[in-house]
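Visitor: I am new to this structure and should be grateful for a close look at a single part of it. Would you kindly set that part in its surroundings as you go?

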There are 2 protein chains.
Amino acid sequence: MARNRRPQPKAEKRAELVAVARELFLEEGYEATSVSRVAKGASVAPNTVYWYFEDKDALFIAVLDELFAEDLAAYAEVAGASLAEQAFWLVGRLRRVRGLVATVHARVRVSPAIAAWHDRLHATIDAVIAHQLPGPVDPGVLAVESTIASFTVEGLITHDVPDDEARPVCDALAARLLSLARPG
Amino acid sequence: MARNRRPQPKAEKRAELVAVARELFLEEGYEATSVSRVAKGASVAPNTVYWYFEDKDALFIAVLDELFAEDLAAYAEVAGASLAEQAFWLVGRLRRVRGLVATVHARVRVSPAIAAWHDRLHATIDAVIAHQLPGPVDPGVLAVESTIASFTVEGLITHDVPDDEARPVCDALAARLLSLARPG
DNA sequence: GTCGTTCTTGAACGGCGAGCAAGACCGCAG
DNA sequence: CTGCGGTCTTGCTCGCCGTTCAAGAACGAC
C-alpha cells in the first residue's frame, strides 16, 4: 500500500549510513567501529541506525554487498585477460578489504547472516573460475584446484603479501589451472 | 633478588587461568568469552586476571602458545609419513582451533603482540615445509609453493572443509611440492 | 614483629550493542 | 482544517565489556 511515503529520504539516509560505515570499517576495522560513531558520522542518534538495520551485522553485510558489487563490476575490465593477470588483479583489488576478510571469517561462526553471505561469495568465485577455464574439466579435479586457487588468493590478501611476492604465486596458480584443460 | 617468593602457586594459578581461557576460547570463541567468565572459571575476581596477563590479548597468546606447542609435539608422530598424509593430518589436527585462526587474523591488525606471534608461526611452518622436501629446491619456487600450501591448509581449516574434500586437496598440494625436488 | 613483596579484591570508568516507549513528522481521508 | 496512522527519530535505560586504581590481605625474609 505505502499510504505514507516520504519523497526519497529513506533510501538516501540508509545509503549515507552505509557510506559512513564503509569508510569506518575499512579504515578502523569492524570491532573498532562503534554503531555510535557511524550514527554520528551520518548526523543521527545512535538508535536510529537500528531502524535501518536489524543489527550491526546487517549494516556490515550492506557494506560488504556494496563493495562486492563494485568489485564484480570492475572485474569486467580484466575478464578477457590471462588467468594469471586476473588473479593478480584480484589480489590488488581486494587488498583494500583486507581487514574485512578476517572479520567475515571470524563472524561466520557467530552470525548466520554473514555465514550465508560468505557461502554465496565463494560459490560465485568458484563459478567464475570454472567459467574461465577453456574446455571441460573433470569436476573433481576442478573442485580441488579451484579450492586451492581461491584459498591462496584469500591468504595473499589477509596476510598482506606484497605485489612482488604475490605475482609469482598468481602465475603458479594460473599455470596450474590451465594445465587442467590441456592434460599432458 | 626475589626476596619474597611463594612456593609455587603463581605459575599454577596462571596455568589454571590459561586452561579455563583455552576451554572457553575454543568452545565459544574469543569475542564471546569475557575476561569475567575466565576469572569466574578460575574462582577469581575479574581484575585478578590482569595481574597475570597484561591484557586479554596476552591471555590469548598464552593459550595459542600452549596449543601450538602441543601440535608441534604431536607432529613428531607423522613427521616420517608422506607429505600428503602430513598435510591431511595437519588439517584434521588444526580443526579444533578453527575459530581461533580467524580470530588471530582479525587481531593481527590491532595487536602487535599477536602480529608477532602470527609471523613466528608462519616462519615455523615454512621452515618445516622446506625441511620436508628431498634435495635442494630453487628458493623462489619453494617460496611460491610453500605459500600456496600453507594458505590452502589455512583455508581448509577456516572454511571447515570436510575430510573427504580436504583429502584430495592435500594430495594435490603434496604432489605439487614433491615435483619441485624431482624436476621433469 | 616489622617490613616489603606478592597477590587479591571492591569499586569505578568510559564505552559498547541493543531494546523500549514516547513523540515528531508527514501524507492522506474526512 | 482536523484527525489518523504509518514513517522516522530520539532520550532513556539496561547489562555487559575490557581495563584501571587504590586499598588491603597473605606471606617470606630479617
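Guide: In this predicted model, chain A contains nine helices and zero strands. Read along the sequence, the pattern of chain A is therefore α-α-α-α-α-α-α-α-α, with no strand in the chain. Taken along the principal axes, the C-alpha atoms of chain A occupy a box of roughly 65 × 40 × 30 Å. Chain A has 184 residues, of which 47% count as buried. Among the contacts of chain A that join residues at least 6 apart in sequence, 70% are between residues at least 24 apart.

One residue of chain A illustrates such a separation. A:Glu16 lies in helix 1 of chain A, which covers residues 9–28. Not counting residues up to four places away in sequence, A:Glu16 touches A:Gly41 and A:Ala42. A:Ala42 is 26 residues from A:Glu16 in sequence, yet their C-alpha atoms are 6.4 Å apart in space. A:Glu16 counts as partly exposed, because its relative accessibility is 33%.

The part for the close look is helix 4 of chain B, residues 56–75. It has 20 residues, and at 1.5 Å a residue it should span 28 Å; its end C-alpha atoms are 29 Å apart, which agrees. The buried residues of helix 4 of chain B include B:Leu59, B:Phe60, B:Ile61, B:Ala62, B:Val63 and B:Leu64. Further along the helix, B:Leu67, B:Asp71, B:Ala74 and B:Tyr75 are also among the buried residues. An α-helix has 3.6 residues a turn, so residues three or four places apart point the same way. The cover over the buried residues of helix 4 of chain B includes helix 1 (9–28), helix 2 (35–41) and helix 3 (49–52) of chain B. Helix 5 (83–94), helix 6 and helix 7 of chain B are likewise included in that cover.

Within this helix, B:Asp71 merits individual attention. B:Asp71 counts as buried because its relative accessibility is 8%, below the cut-off of 20%. Leaving aside neighbours within four places in sequence, B:Asp71 is in contact with B:Trp89, B:Arg93, B:Leu94 and B:Arg96.

The wider setting of chain B includes its contact with chain A. That contact takes 27 residues from chain B and 27 residues from chain A. The area buried between the two chains is about 2400 Å², and carbon and sulfur atoms give 67% of it. On the side of chain B, the residues that lose the most area to chain A are B:Arg109, B:Phe151 and B:His159, together 26% of what that side buries.

Polar features also cross this interface. Two salt bridges are found between chain B and chain A. In a salt bridge between B:Arg107 and A:Glu31, the closest N and O atoms are 3.5 Å apart. Ten residue pairs are in polar contact between chain B and chain A. Helix 6 (98–108), helix 7 (112–132), helix 8 (139–158) and helix 9 (163–181) of chain B each supply at least two residues of the side that touches chain A. Helix 8 of chain B gives the largest share of that side, nine residues. By kind, the residues of the side of chain B that touches chain A comprise twelve nonpolar, eight polar and seven charged.

Helix 6 and helix 7 of chain B thus appear in both settings: they help to cover the buried residues of helix 4, and they supply residues of the side that touches chain A.

How values were computed
Residues are numbered from 1 along each chain as its sequence is written. Chains are lettered from A and ligands numbered from 1 in the order in which they are written. This is a predicted model: local features need pLDDT of at least 70, side-chain atom pairs count only at pLDDT 80 or more; totals for chains, interfaces and linings use all residues. Side-chain values use heavy atoms; hydrogens and water are left out. Contact means heavy atoms within 4.5 Å. Buried area is the accessible area (1.4 Å probe) that two parts lose on being put together, summed over both. A salt bridge is a side-chain nitrogen of Lys or Arg within 4 Å of a carboxyl oxygen of Asp or Glu. A polar contact is a pair of N or O atoms within 3.5 Å; within protein, one must be able to donate a hydrogen and the other to accept it, and residues adjacent in sequence count only if both atoms are side-chain atoms. Helices (H or I, at least four residues) and strands (E, at least two) are DSSP runs, numbered from the N terminus. Ala, Val, Leu, Ile, Met, Phe, Trp, Tyr, Cys and Pro count as nonpolar, Asp, Glu, Lys and Arg as charged, and the others, Gly among them, as polar. The expected span of a helix is 1.5 Å times one less than its number of residues. Buried means under 20% relative accessible area, exposed over 50%, partly exposed in between (1.4 Å probe, protein chains only).
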